[in-house]
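Reader: I would like a close look at one part of this model, and then a reading of how it sits in the rest. Please keep to what can be computed from the coordinates or taken from a record.

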Amino acid sequence: MLQTSQKAEAEPLLTATGVSKNFGKTRALVDASLTLRPGETVGLLGANGAGKSTLSRIISGHIQPSGGDIFFDGATLSLNSTRDALRCGIALVAQETSLAPDLSVLENIFLPNLATKGRLSYRAMRIDANRLLAGLGHEHILPLDAEVRTLSAAQRQLVEIAKALALDARLIIFDEPTASLSATEVDRLFDIMENLQNNGRALAFVSHRLEEVFAITNRVTILREGKVVAEDVATSSLTQGDIIQYMVGRDIGAIYKKRTVKPEAIGETVFEVKNLKALPWVRDISFSVRRGEILGLGGLVGAGRSEAVEAIWGLRPRQNSDIQINGKPIRLHKPADAVRAGMGFVAEDRRAQNIVPDLSVRENLLLAQMGQHRGFGRGYGKRANKVAELISDLGLPAHRLDTSLLNYSGGMQQKIIIARWLLTQPKILILDEPTKGVDIGTRSSIYRLLQQAADAGLAVIVISSDFEELLGIAERIVVMSDGITIADLPASRLTEEKLTLLAAPRTSAARNQALLAELAETYHADAVWTLLDGDELICLTQAAHDNAPSAGLTPGEAIMVDQTLIPKAIREHGPGFVTETDGLRQTLFTQLTDKRGHDLGWISLTIAGTAQAPDPKNIRAKISNLTSTDKDDLNGRHP
Amino acid sequence: MADTPNTPNSDIPDHVSTAPAHPLHAVFRTLEFRMLCLALLLAGILSILSPHFLTERNIFNILDQSVVIGIVAVGMTFVILTGGIDLSVGAVFGLTGIILAQALQIMPIPLAIPLAVLAGAGIGLFSGVLIAVFGLAPFVVTLGVMAIGRSLSFIASGQRSISGLPLDLDAIVYSTFLGIPANVLFLIGLYLCAWGYLSYTKGGRTIYAIGSNAEAARAAGLSTMFYSILPYVVSGALAAVAVTFSLAQIMSADPMAGNQLELDAIAAVVIGGASLYGGRGSVIGTLLGVLIMVMIRNGLNLIEVSPYWQGTAIGSIIIIALLAERLINWRSTRN
């Protein structure tokens, strides 16, 4: 990033001026301009419907502009198709994925190659693909031979990114690539983007997430209602507030307005899931939610969150589950059972799982109501008042109810889908990534909608990859990793860093577990991996030797330092073993950090007070060895 | 930057007109309206070409000729709305015709007809279960059922036509009410019921929702399994109803009856504007499609064009109708 000032002087790779695009009477883009230079990342920002996707689709040849000039590499660019764009070296990592669902991951990554003449070497492709995926850090969770249709939305996006990387494109537009990625994955993506940028590629980054814009872009171009309102401005000269101001044209205040929940407002447990198993993604999930509570389900992509709720909803086969509503076991075989039991579910993929495109807004709104209705007719009359109330809440004019839902922005579509379920007056509402691809203004109104519903006694379960969002909206967070619930904690005790750590995928968790087991075995100790936050400890994993004295910690639970059996060692966390005042235990409490120096928590090693204390240096070496191999591992995987 | 227009509620897209549209305007923009224009245009041309076309007798003739294909096309509309296809209707028509003729030899008419309809429904249920429960492709399942049905109708009939049906049977065609023949009345009633069902009942809307996005329909708690099977049952049953009217006119059952009837029915549904992907279409469109096809056949007969040209004419209409629709859609999305 230091070279930014020199790079700014580089000849632009692409200059677009006066670009406009009309869809029917709609002017999606008016006189827009964009400049992309090699070795630079430009953020393309705007609320939903501002025209940033239209602009990126014009540059990538998906659609043709109604007017304007585009120069690429010194010559006028005129694209008739995406193939033209790819030939020039312009690739788009799209928001709505453009993959062939029946082809394998491998074939999709090299899809553009399939259009070239001559024979394909699958062997060479396989090697290349492994290299690309390793660069993304995802070679383990993306089997090359799996059909793309079997992948989750997030995994598809990873394929999409690998596909653009495979083209070795000179200009890559990332259209909300992080929408379904978790914090760690976003970090990895940014590493890759920085790498591409340093190799002299021009990148455009379309996103709603301001933190990411600041993390990765050099300059930003901001659109509002089809017009450029800030052109090619250095990111460093802006604040988040400035950008929001540009994007929405008004000050929207804080996105997350924390709900003030009175403890008495939260009622009895209405919904409980025990030992849910739906292989291969969901292995052992348990959680419960109470009346008036917003529960967050957090975890990384691939942790099985969506799969778990889809299994509850009857969209996936379950091997084992004990589901209770109001303390009574209930059998949910198909979605209709759940709907009639007073549940609602906003699935992750709006277009594929929620919207019925050929039905009008009204019919989409009343779809779940019709599912709940018993009888021959549509049952539309029953909730007419509630419909009128909801649509005025949403700011939707009544006469537009009979138009197509597809005419509306993603944010409005999402609000209508949420309203679809509120209309059935459920007791439990599950939302999977409710703000995916939704602009900031709509996001805050969705949060408000959910908070109002919770205040009225609804039990809300929100799944999100966006930890900031989870912490902002949920009162309690259940963390999942690799198909297992590993923690259940109040949001007030968590931070984004802790959540990321708790949600860490199996590879590192397994390694940490192996280390704990080794330490426990070698030193006859109780070895625990914990997070320390002021006076509170959160215990992650544990391994104990049979003869070891317990430190009083249980995995997945939070405990005050004074309630543990090793308070002195925790408070002092000295360089060596600390013996407790009662002399029964001595403990080494030492910190774990990652390659960037982030706090990964603490390892506590408790042995009997009478035992001969081993040399703490050896133990520390073992522990730091763990994170340094982690470092080598990550670096080694980079392309 | 310089111009910062006042931001309205950003949730409302500007590409939806703010003013409520005139209700008639919406009607003019429907596909059914354009098909009605096409049908009227066709009728106009044919009445110029032949003085006999626009006579009361010929109009009743056209309606009479529309009954069999019209009934079958209703079932086909149900199936196509879910995104499926029923290639077996012609064979079911033939087989249930033989079943009806055999049954009429040994039992009274009011028993024989329900039996044949039940048989048709049963065959539809068989296809529907294979498609909805076992997830087999509708094209393949109904292709198989078509082959089985035709083969069974030859076996059951002993490879020849069955005649000697009770003469009372023709009452369902030739009795009249207010001067309108019973079969035409039935057709009108059937279309009204089907239209009402598809537009205003839970089942009807579920059928549309399945064709449009089955996953979303299921997730919203609709009984997608039941309503994926139902259209095939309706289609099979209506094929049997259609053959009943046919038998009452011809007074004999042929094992080859209804050969390629499925293609006529699909053509009528497609001309009527339904999408073969499901979710889009209506029985009103289908009725217009049926009338357009029958008018072409009838008109070409009247102006004494060789019957071998009928296929070319109908095929061209299908292609022109689809092409015009596509061009209209392109224009409306482009500008």
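What is the relative accessible area of A:Thr495, and how does that value class the residue?

Author: The model is predicted, and every value below is computed from it. A:Thr495 has a relative accessible area of 32% and is therefore partly exposed, since buried requires under 20% and exposed requires over 50%. The residue belongs to the loop that links strand 20 (484-490) with helix 20 (496-502) of chain A. One partner in space is A:Phe467: the two C-alpha atoms are 8.4 Å apart, while the residues are 28 places apart in sequence.

A:Phe467 leads to the next site, A:Glu475. Helix 19 of chain A covers residues 467-473, and A:Glu475 lies in the loop between this helix and strand 19 (476-481). With a relative accessible area of 18%, A:Glu475 falls under the 20% limit and so counts as buried. Leaving aside residues up to four places away in sequence, A:Glu475 touches A:Arg259, A:Val261, A:Ile266, A:Gly292, A:Glu293, A:Ile294, A:Pro490 and A:Ala491. Among these contacts, A:Val261 is 214 residues from A:Glu475 in sequence, yet the C-alpha atoms of the pair are 8.6 Å apart. A:Pro490, also touched by A:Glu475, is the end residue of strand 20, the strand that precedes the loop of A:Thr495.

Backbone geometry adds three further points in chain A. The peptide bond between A:Leu279 and A:Pro280 is cis, with omega about 5 degrees. A:Pro280 is placed in the loop that runs from strand 11 (269-278) to strand 12 (282-290). The other two points concern positive phi values in residues other than glycine. For A:Asp232, phi is near 55 degrees; this residue is in strand 10 (residues 227-234). For A:Glu433, phi is near 50 degrees; its place is the loop between strand 17 (428-432) and helix 18 (440-455). A:Asp232 has a relative accessible area of 16%, so it is buried. A:Glu433 has 5% and is therefore buried as well.

These sites belong to a chain with 23 helices and 26 strands. Chain A has 639 residues, and 56% of them are buried. Of its contacts between residues at least 6 apart in sequence, 64% join residues at least 24 apart. The exposed area of chain A is about 25,400 Å², with 48% of it supplied by carbon and sulfur atoms.

Chain B can be described in the same terms. Its secondary structure amounts to 13 helices and four strands, and 48% of its 335 residues count as buried. For contacts between residues at least 6 apart in sequence, the share joining residues at least 24 apart is 78%. Chain B exposes about 16,000 Å², and carbon and sulfur atoms supply 69% of that area.

An unreviewed UniProt entry gives the feature "transmembrane region" at several stretches of chain B, including residues 33-50 and 229-251. In the model, residues 33-50 are 94% helix and 0% strand, with end C-alpha atoms 26 Å apart. Residues 229-251 are 96% helix and 0% strand, and their end C-alpha atoms lie 33 Å apart.

B:Thr244 is in helix 10 (residues 224-250) of chain B. Its relative accessibility is 4%, so it counts as buried. Beyond residues up to four places away in sequence, B:Thr244 touches B:Leu100, B:Ile113 and B:Ile172.

Helix 10 also takes part in an internal space. Three cavities of 30 Å³ or more are counted, and the second largest holds about 50 Å³. Helix 4 (89-106), helix 5 (109-132) and helix 10 of chain B each supply at least two residues of its lining. Helix 10 gives the largest share, four residues. Among the lining residues are B:Asp86, B:Ser88, B:Tyr232, B:Ser235, B:Gly236 and B:Ala239. By type, the lining divides into five nonpolar residues, five polar and one charged.

Note on methods. Residues numbered from 1 in each chain as written. Chains lettered and ligands numbered in written order. Predicted model: local features only at pLDDT ≥ 70, side-chain atom pairs only at ≥ 80, totals over all residues. Heavy atoms only, no water. Buried < 20%, exposed > 50% of the residue type's maximum accessible area, 1.4 Å probe, protein only. Contact = heavy atoms within 4.5 Å. Areas by Shrake-Rupley, 256 points an atom, 1.4 Å probe, with all protein chains shown as cover. UniProt positions renumbered as here; feature names shortened; annotations may be inferred. 1 Å grid on protein atoms, 1.4 Å probe; cavity = no way out; pocket = protein on both sides within 12 Å on 5 of 7 lines; lining within 4 Å. Points joined across faces, edges and corners; volume = space filled by probe spheres on them. Nonpolar A, V, L, I, M, F, W, Y, C, P; charged D, E, K, R; others polar.
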